[in-house]
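Student: I should like to go through this structure term by term and ask what each label rests on.
Tutor: Please do; each label will be set against its criterion.

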Amino acid sequence: MSSRFAPRSTPTRTTVRGGETAIPQGTPRQATAAQTRTWTPPHPLNLGLTLGPLRRGPADPTFRTTPDGSAWRATRTPQGPGTLRVALRAKTVEAEAWGPGATWLLDQLPHLIGESDEPEAFAPRHRLLAATAHRRPGLRLTRTGLVLESLIPSILEQKVTTDEAYRAWRLLVRKYGEPAPGPTPAQLRMHVMPDPRTWTLIPSWEWHKAGVDNKRASTILRAARVAARLEEAAAMGPPQAQARLELIPGIGPWTSAETVQRSNGAPDAVTVGDLHLPGIIGYALAGDRTADDEAMLKLLTPYEGQRHRATRLILLSGHTPPRREPRMPVGDIARL
């Protein structure tokens with residue numbers, strides 16, 4: 001394969017969107033009192049690529065990496081808050097978990113690291129996709145089994161820059177969430193996101209201070225009020241799960257796809273309605289940076305059933321059109 005398709009040495013904004021997260025390869029940390037589990041996957045595994053989509057920005061209080069090669073995840077499970085530490089040592093995944101949700105997190109570990117994914121179903125038909133798939137053999141699609149933790153940050157990302165959305169998620173989780181259970185390193189300042197009731201009790205001025213407009217805040221409130229019904233979507237097929245989510249006013253195909261890609265490990269959930277993605281896909285597969293959603297879906301037709309995987313591989317390739325216009329300006333409604 002041509003070297004021009006080789007991955008860049010450092011993640012870019014586009015490859016990060018494709019799910020690239022750098023997890024340092026360091027010295028194993030000392031064991032602490034926790035529930036533990038090990039899992040040896042029968043396939044190559046790259047933890048950074050697999051868990052990367054769960055990270056909402058470099059300062060996400062629910063997801064961090066540490067120099068010892070660990071990925072830390074704080075989340076709210078059906079059994080309550082939990083913290084999970086995952087590391088890959090000599091092809092074996094080592095996991096520790098704390099809190100009321102520890103058992104649930106360890107039970108779900110194989111799905112989280114892509115055991116239910118089927119990458120062999122993907123047949124690349126373009127040189128770029130073939131090269132990227134070859135260079136990223138450890139890419140697996142995660143399946144968290146949790147809907148609200150992916151839905152709320154996806155709603156926050158509607159119609160704004162990622163930096164604005166990341167800031168809102170960080171501020172709201174730190175202020176209204178709770179400290180992560182277990183001995184998470186103090187400097188990580190990890191928090192579990194608020195429970196559904198707490199989301200509904202956030203005052204309107206706090207949404208404003210976090211830079212969240214009334215439309216997005218109202219959508220989150222509607223979702224939080226029927227959280228139990230939405231969580232049921234994690235056990236559905238991806239199309240049915242998206243249909244369930246889109247019953248909520250303010251949740252459309254873009255938001256539902258971004259959610260089920262993570263909660264259900266959906267390999268075919270295409271993100272339509274995105275400002276930049278059609279141009280990226282069009283440029284990578286056909287040299288057409290002006291492609292719209294219709295053109296993007298046509299180009300992805302050969303990969304039906306695996307269109308999300310194809311999209312991630314394109315994003316991870318870093319093969320994007322040269323920038324011709326300034327980036328979308330960052331707004332701050334908190335100043336109004």
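Student: In this predicted model, what is the strand order of the open sheet of five strands?
Tutor: The order is 1-5-4-3-2, and the pairing is antiparallel.

Student: What makes strand 1 and strand 2 edge strands?
Tutor: Strand 1 (35–39) and strand 2 (63–66) each have a single partner strand, so one side of each lacks a neighbour in the sheet. Between neighbouring strands of this sheet the average turn is 20 degrees, with direction ignored.

Student: How do you know that strand 4 and strand 5 pair?
Tutor: Pairing requires at least two bridges, and strand 4 (residues 80–89) and strand 5 (residues 92–98) are joined by seven bridges in the antiparallel sense. One of the partnerships sets Leu88 against Val93 in strand 5.

Student: And what supports the pairing of strand 2 with strand 3?
Tutor: The criterion is again at least two bridges; strand 2 and strand 3 (residues 70–77) have four, in the antiparallel sense. Arg64 stands opposite Trp72 in strand 3. The hairpin of these strands has three residues between them, and Gly69 in it takes a positive phi near 90 degrees.

Student: Which residues show that both faces of strand 2 are covered?
Tutor: Phe63 and Thr65 lie on one side, Arg64 and Thr66 on the other, and all are buried. Buried here means under 20% relative accessible area.

Student: What is notable about the phi of Ala90?
Tutor: Ala90 has a positive phi of about 50 degrees although it is not a glycine. Most residues other than glycine have a negative phi. Ala90 is placed in the loop between strand 4 and strand 5.

Student: Why is Ala90 called exposed, whereas Arg189 is called partly exposed?
Tutor: Exposed requires over 50% relative accessible area, and partly exposed lies between that cut-off and the one for buried, 20%. Ala90 has 77%, so the label exposed applies. Arg189 has 48% relative accessibility and therefore counts as partly exposed. Arg189 also has a positive phi, near 45 degrees, without being a glycine, and is found in the loop between strand 6 (178–179) and strand 7 (191–192).

Student: Why is helix 6 called oblique to helix 7?
Tutor: Helix 6 (residues 148–156) and helix 7 (residues 162–176) pack at about 130 degrees, with their axes 8 Å apart. Roughly perpendicular covers 65 to 115 degrees and roughly antiparallel begins over 145. The angle falls in neither class, so helix 6 is oblique to helix 7. The crossing is right-handed.

Student: Which residues of helix 6 and helix 7 meet?
Tutor: Glu149, Ile152, Pro153 and Leu156 in helix 6 meet Ala165, Ala168 and Trp169 in helix 7. Six residues of this contact are nonpolar, none is polar and one is charged.

Student: What makes helix 5 roughly perpendicular to helix 16?
Tutor: Helix 5 (residues 127–135) and helix 16 (residues 307–317) cross at roughly 80 degrees, and their axes come within 9 Å. The class spans 65 to 115 degrees, so helix 5 is roughly perpendicular to helix 16. Their contact comprises seven nonpolar, two polar and no charged residues.

Student: How do you know that helix 14 is mostly covered?
Tutor: Eight of the ten residues in helix 14 (residues 277–286) are buried, among them Leu277, Ile281 and Leu285. Just after helix 14, Gly287 takes a positive phi of about 70 degrees.

How values were computed:
Residues numbered from 1 in each chain as written. Predicted model: local features only at pLDDT ≥ 70, side-chain atom pairs only at ≥ 80, totals over all residues. Heavy atoms only, no water. Helix = DSSP H or I, 4+ residues; strand = E, 2+ residues; numbered from the N terminus. Axes fitted to C-alpha atoms, helices over the stretch in contact; angles between N-to-C directions. Parallel < 35°, antiparallel > 145°, perpendicular 65-115°, else oblique. Left-handed = near helix turned anticlockwise from the far one by under 90°. Contact = heavy atoms within 4.5 Å. Nonpolar A, V, L, I, M, F, W, Y, C, P; charged D, E, K, R; others polar. Buried < 20%, exposed > 50% of the residue type's maximum accessible area, 1.4 Å probe, protein only.
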